[in-house]
Structures are given as C-alpha cells and as structure tokens.
Amino acid sequence: MDMLGIDSAEDRQDWPAEAEEKYERLEVLGKGSFGMVWMARRVKPAVDNEDEEFVAIKNIHIKDNKGSVYAEREIGILRELRHPNIIRLIRAYDLFNSTRLVVMQLARGPNLHQLVVKRGALGLPLCRLVARQLIAAVGYMHGRAVIHRDIKPSNCILARTDIPPREDYDWYFDDAIWKNGREAEIMVQQNKWKLMLVDFGFSRALEQTEIEMPPSGTKRLRNSIVFERESAIAQGGRGSAMANSIAAAAAAVQAEEENGELGEEDLDKIVRMAAKSMKGTSFEPINELEDEIMGSKTETRKRNSGVSMPLPIKEDRTSDRRTSRAKVLSMSALGTKAYAAPEIRKKLRQKTDEDLEKANAAMTECVADYGMIVDAYSVGWTLRVSMTGVPPNFTLSEYMKERDSVVLEGEEEELAETCCCMKGDFRPFVKVREPSMLPYEATLLVANMTEKKPELRMTVREAQLHPYITGNESEERYSLPQGDIPSGHGDPVIPLKCAPALSKLTVEYHMQ
C-alpha cells in the first residue's frame with residue numbers, strides 16, 4: 001500500500017489527461033463497488049466561483065449499460081440541484097477507460113451511520129439540526145420533482161465547517177456531537193456542523209405529467225403534490241391541516257406544562273384530540289409511542305409491531321415468488337431495504353423473477369404509484385436512528401444485549417468512572433436513548449413520517465411546518481436553508497430540465 005492508501009497499481013484508476021492536469025490526488029476518502037472517491041486539490045486557476053480548490057472526485061466504473069444509466073442519471077440530476085445541504089456537482093468528465101470521473105464539492109466528516117455505530121445517539125441539539133437540514137434538503141429536492149430513493153444515515157454526511165480540508169479531524173473524540181449541554185447548543189448556533197445529502201445513484205427526476213396525474217388505476221394520495229397545493233390554497237396559505245394540528249397540540253402541551261397543570265390523562269387527551277382532528281395522521285399518545293417506535297412492550301412479539309420497525313425481506317427458498325438480494329439491488333426503485341418504505345418492500349415481495357425482468361418494472365411498479373412519499377419514510381427512519389441510537393430491526397433491549405458497550409443515556413458517566421478505575425485505556429460507550437427522553441415534537445414528527453400507510457404518512461414538505469423544525473411558540477422561528485427556488489409546502493414544483501431525457505434513457509435501458 002502506498003502513501004495514498006492504494007493497495008496496488010490496478011487500483012489506480014486512470015483519469016483523463018485534462019483531469020490529471022487540473023487536480024492533484026491527495027487521499028482516498030472511500031471505496032466501493034462503483035469505484036473510488038478521492039480527495040483532490042485543484043492546481044490550475046479556477047474558472048468560476050464554484051470551482052473549489054479542494055474537491056471530492058468520484059470514479060464511477062461503468063461495467064454495463066445499467067451502470068451507464070445510473071451514472072448519467074446521477075450526473076444529470078446533480079447538475080441542476082442547488083441547495084446548501086445537497087452535495088454539489090462541479091464537473092463531470094466523459095467516459096474514459098470505462099470510467100466516469102465526477103468532481104464534487106468536498107464534505108469532510110463522518111456520516112450518520114458511522115456516528116451512531118461508534119458512539120450511539122447524537123446529542124439533542126445536533127439531532128434537531130440534522131432533522132432541520134435533512135428535511136430542508138429533501139423538501140427542496142421534492143420541489144424540483146426529484147425522488148432520492150436511498151435516504152439513510154450512511155448517505156448523510158455531517159461536515160465540520162470550521163476545520164480546513166487538509167487538517168486531521170478525529171471525530172470519534174469530538175464529544176460535542178453526542179452532548180446535550182450548552183456547549184453543543186452554541187456549536188449548533190455557530191454553524192459548526194452542516195449536513196450534506198449525498199449519493200444520488202438511485203434518484204429519479206419526475207416529469208411534469210407524472211406530478212399532475214395519478215398512476216393508472218389508483219386514486220390520488222392525500223399527500224400528493226397536487227393535493228398539497230390544493231390543501232395549501234384551502235388553508236389560506238397557513239399550511240396543511242396536519243401540520244397546523246400538530247403545532248396546536250405541541251403548543252397546548254407546552255402551555256399546560258408551564259402552568260404545572262399537565263397530568264398523564266391530560267396529555268393523553270390532548271394528543272388523542274389532535275390525532276382525531278388530523279385526517280392525514282396516525283399516531284398513538286405519547287405514553288405509548290415508546291412501544292410504537294421501538295417495539296419494546298414485550299419480548300415475545302414480532303419486531304415490526306407498531307409503525308416504525310421494518311423487517312428485512314426474508315427469502316422463501318421453497319417458493320417461486322422470491323426476490324434475491326441481487327435482484328433487489330438491480331432495481332432502480334430503492335437502495336437499502338431497511339430504510340425503504342413498507343409499500344415498496346411489499347411490492348418487492350410480490351414480484352417474481354420474471355416480473356422483475358419486465359420493462360419499467362422497477363420504476364413504474366415500485367415507485368411511481370407512491371411518488372415522493374417513499375422518501376418521507378426513509379427520512380423519518382434516519383431521524384429515528386440518529387435520535388435513539390438504535391438501528392433498524394432491533395428493539396432497544398435487543399440492541400443493548402447485542403453490544404456490551406451500549407448504555408442508556410444518563411448512565412454513561414457513572415460507568416465511565418468505574419471503567420477508568422479498572423483500566424487506563426477507556427473508550428467512550430455507545431449511547432442509546434429511550435423515546436421518552438425525546439422532546440414531544442420530535443417523537444410526533446418521527447411517528448408521523450414513519451406511518452406505514454402511505455396515504456396517512458406526513459410528507460417531507462409538510463414536515464417543514466412542524467414545530468420541531470420551525471420552533472414552537474416560545475422559540476425564535478427557524479428559517480430553513482433555501483435552494484435556488486422556493487420549495488416550501490404549497491410552493492409550485494419545478495421539474496428538472498433533464499427529466500424527459502433521463503426518463504427516456506431509463507425506458508430504453510429497460511426495453512433492451
């Protein structure tokens with residue numbers, strides 16, 4: 001292995017001469033089945049303000065026509081998206097030695113998956129920042145008629161904005177990431193962290209006709225873009241009935257708490273009334289949400305009880321109606337199954353191998369029926385994992401049994417003192433958090449975004465109006481980061497210019 005971390009000369013994928021002249025390779029940031037991601041430095045003068053000195057360069061190895069379609073789709077979509085929390089494409093080179101070279105904005109830092117696996121649930125100040133910026137990014141993306149379809153913690157990078165690109169940053173010992181105190185709040189207020197949504201290989205740009213018309217044989221969902229616009233107009237610009245009802249419930253809870261008059265029965269009544277008035281929601285009272293989100297009421301029941309616990313797709317080896325992992329990953333419908341919406345996973349289970357080979361099976365059957373609402377479920381699950389520290393397919397108790405170093409929030413300091421007395425080389429525990437430890441608004445947001453029924457699920461653009469995102473009545477109102485077009489709830493959706501060409505390219509591939 002050489003100084004750049006390359007195992008052999010074969011791993012040094014050739015760059016086109018123009019790229020070799022313009023960029024100096026510095027270090028390998030990551031490596032996967034697609035190829036390699038480099039950190040590089042521009043050594044030639046900038047051509048415009050977006051031509052950054054330090055960049056990430058992604059080598060996309062094109063093995064077949066499918067890889068070519070995926071690369072063209074990601075490049076085409078990222079060329080047009082402009083949002084501070086979406087990774088920005090700087091330039092893309094033509095095919096060279098079976099490789100597409102893509103130059104992107106550099107985001108140095110761990111992804112949410114790495115943070116949760118290494119040390120568990122993020123601090124509450126950072127959880128809220130992650131929720132706000134992720135919802136802002138996906139809300140903007142939906143405002144451009146783009147579905148990501150692979151939102152998960154590993155595709156969300158938490159970048160430190162105050163650390164130079166070449167400076168070493170050992171995030172594992174950056175305690176403020178996992179703290180709840182004033183220090184973490186100040187760092188959030190000072191914009192020391194920034195969430196970046198990456199990896200658009202599974203994304204799809206919808207055309208105008210796909211937005212305006214429901215799929216054949218289906219009725220328009222409550223949370224479709226057209227319904228959203230009509231709802232916003234009917235509400236007089238105040239936002240959806242769902243978001244307004246949640247805000248009212250949260251305000252009532254806060255007011256009662258401040259007056260010292262809130263009991264469990266009162267809280268139960270407030271939340272039940274809010275749920276009843278929200279025709280577009282489905283969630284349980286606060287004192288039952290822990291069971292719904294974590295699936296932890298009993299040890300014997302199935303893990304997927306409640307609204308938020310997806311199970312992996314189990315293959316039936318004796319049945320002809322099975323979906324292999326290779327087939328699932330070959331579809332343009334989704335990436336990682338654990339974060340995919342239930343309606344998508346159900347569609348996959350109902351597919352035979354023959355079905356999956358048919359033209360447009362992935363696009364039409366698994367995504368177009370539900371549209372942008374599939375992203376909302378993935379966003380909700382990503383937030384849930386970041387807030388609780390518990391990965392998919394585990395209850396809290398199961399996860400604590402699975403890993404010896406996992407402790408409940410509040411117990412880590414006491415255990416750390418004991419461990420320090422026993423051995424000198426102490427490493428931080430992995431912290432998990434019960435939903436009862438979360439703010440009311442955060443718990444409600446997660447529950448509504450992970451609703452199993454797509455027609456009842458809160459959309460990402462509705463979530464932009466949620467008090468956990470905007471701030472409640474006692475807080476200063478938070479303004480979400482904005483892209484190049486307004487993308488709030490009820491704003492018009494402006495499809496990408498490349499959408500028709502990308503759709504044609506995908507259809508042609510499936511028709512081969």
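Me: Why is Ser98 called partly exposed?

Reply: In this predicted model, Ser98 has a relative accessible area of 37%. Buried means under 20% and exposed means over 50%, with partly exposed in between. The 37% of Ser98 falls in that middle band, so Ser98 is partly exposed.

Me: Where does Ser98 sit, and what is its phi?

Reply: Ser98 is found in the loop between strand 4 (89-92) and strand 5 (99-105). Its phi is positive, about 65°, although Ser98 is not a glycine. That deserves a remark because most residues other than glycine have a negative phi.

Me: Which loop holds Arg149, and is Arg149 buried or exposed?

Reply: Arg149 lies in the loop between strand 6 and strand 7 (156-160). Its relative accessibility is 5%, and the cut-off for buried is under 20%, so Arg149 counts as buried. Arg149 is not a glycine, yet it has a positive phi of about 70°.

Me: How do you know that Ile147 is buried?

Reply: The relative accessible area of Ile147 is 0%. Since buried means under 20%, Ile147 is buried. This residue belongs to strand 6 (residues 146-147). Its C-alpha is 5.5 Å from that of Ser203, while the two residues are 56 apart in sequence.

Me: What makes Arg73 count as buried?

Reply: Arg73 has 3% relative accessibility. Set against the limit of under 20%, that value counts as buried. You will find Arg73 in helix 2 (residues 65-80). Arg73 and Arg204 are 131 residues apart along the chain, and their C-alpha atoms are separated by 7.3 Å.

Me: Now for the chain as a whole: how many helices and strands does it have, and what share of its residues is buried?

Reply: The chain has 21 helices and 11 strands. Of its 512 residues, 54% are buried. Its accessible surface comes to about 23,700 Å², and carbon and sulfur atoms account for 49% of that. If you take the contacts between residues at least 6 apart in sequence, 73% of them join residues at least 24 apart.

Me: Why is helix 18 called largely enclosed by the rest of the structure?

Reply: Nine of the 10 residues of helix 18 are buried, so the helix is largely enclosed by the rest of the structure. Among these buried residues are Glu441, Thr443 and Asn448, along with Leu444 and Ala447.

Me: Let's turn to pairs of helices. Why are helix 15 and helix 18 called oblique to each other?

Reply: Two packed helices are described by the angle between their axes and the distance between the axes. The axes of helix 15 (residues 373-388) and helix 18 (residues 440-449) cross at roughly 140° and come within 8 Å. Roughly antiparallel would need an angle over 145 degrees, and roughly perpendicular runs from 65 to 115. The angle of roughly 140° fits neither of these, so helix 15 and helix 18 are oblique. Their crossing is left-handed.

Me: Which residues of helix 15 meet helix 18?

Reply: On the side of helix 15 they are Ala376, Tyr377, Val379, Gly380, Leu383, Arg384 and Met387. Their partners in helix 18 are Ala442, Leu445, Val446 and Met449. Sorted by class, this contact has nine nonpolar residues, one polar and one charged.

Me: How do you know that helix 4 is roughly parallel to helix 5?

Reply: The axes of helix 4 (residues 124-143) and helix 5 (residues 182-189) cross at roughly 25° and come within 8 Å. Angles under 35 degrees count as roughly parallel, and that makes helix 4 roughly parallel to helix 5. Pro125, Leu126 and Leu129 of helix 4 make the contact with Ala184, Glu185 and Val188 of helix 5. By class, there are five nonpolar residues, no polar ones and one charged.

Me: What makes helix 4 and helix 15 roughly antiparallel?

Reply: Helix 4 and helix 15 pack at an angle of about 165°, and their axes are 10 Å apart. Angles over 145 degrees count as roughly antiparallel, and helix 4 and helix 15 are therefore roughly antiparallel to each other. The crossing of this pair is right-handed. Residues of helix 4 in the contact include Cys127, Val130, Leu134 and His142, and those of helix 15 include Asp375, Thr382 and Ser386. The contact of helix 4 with helix 15 has 10 nonpolar, three polar and one charged residues.

Methods
Residues are numbered from 1 along each chain as its sequence is written. This is a predicted model: local features need pLDDT of at least 70, side-chain atom pairs count only at pLDDT 80 or more; totals for chains, interfaces and linings use all residues. Side-chain values use heavy atoms; hydrogens and water are left out. Axes are lines fitted to C-alpha atoms, for helices over the stretch in contact, and angles run from 0 to 180 degrees between N-to-C directions. Helices (H or I, at least four residues) and strands (E, at least two) are DSSP runs, numbered from the N terminus. A crossing is left-handed if the near helix is turned anticlockwise from the far one by less than a right angle, and right-handed if clockwise. Contact means heavy atoms within 4.5 Å. Ala, Val, Leu, Ile, Met, Phe, Trp, Tyr, Cys and Pro count as nonpolar, Asp, Glu, Lys and Arg as charged, and the others, Gly among them, as polar. Buried means under 20% relative accessible area, exposed over 50%, partly exposed in between (1.4 Å probe, protein chains only). Accessible areas come from the Shrake-Rupley method with a 1.4 Å probe; for residues, only the protein chains shown count as cover.
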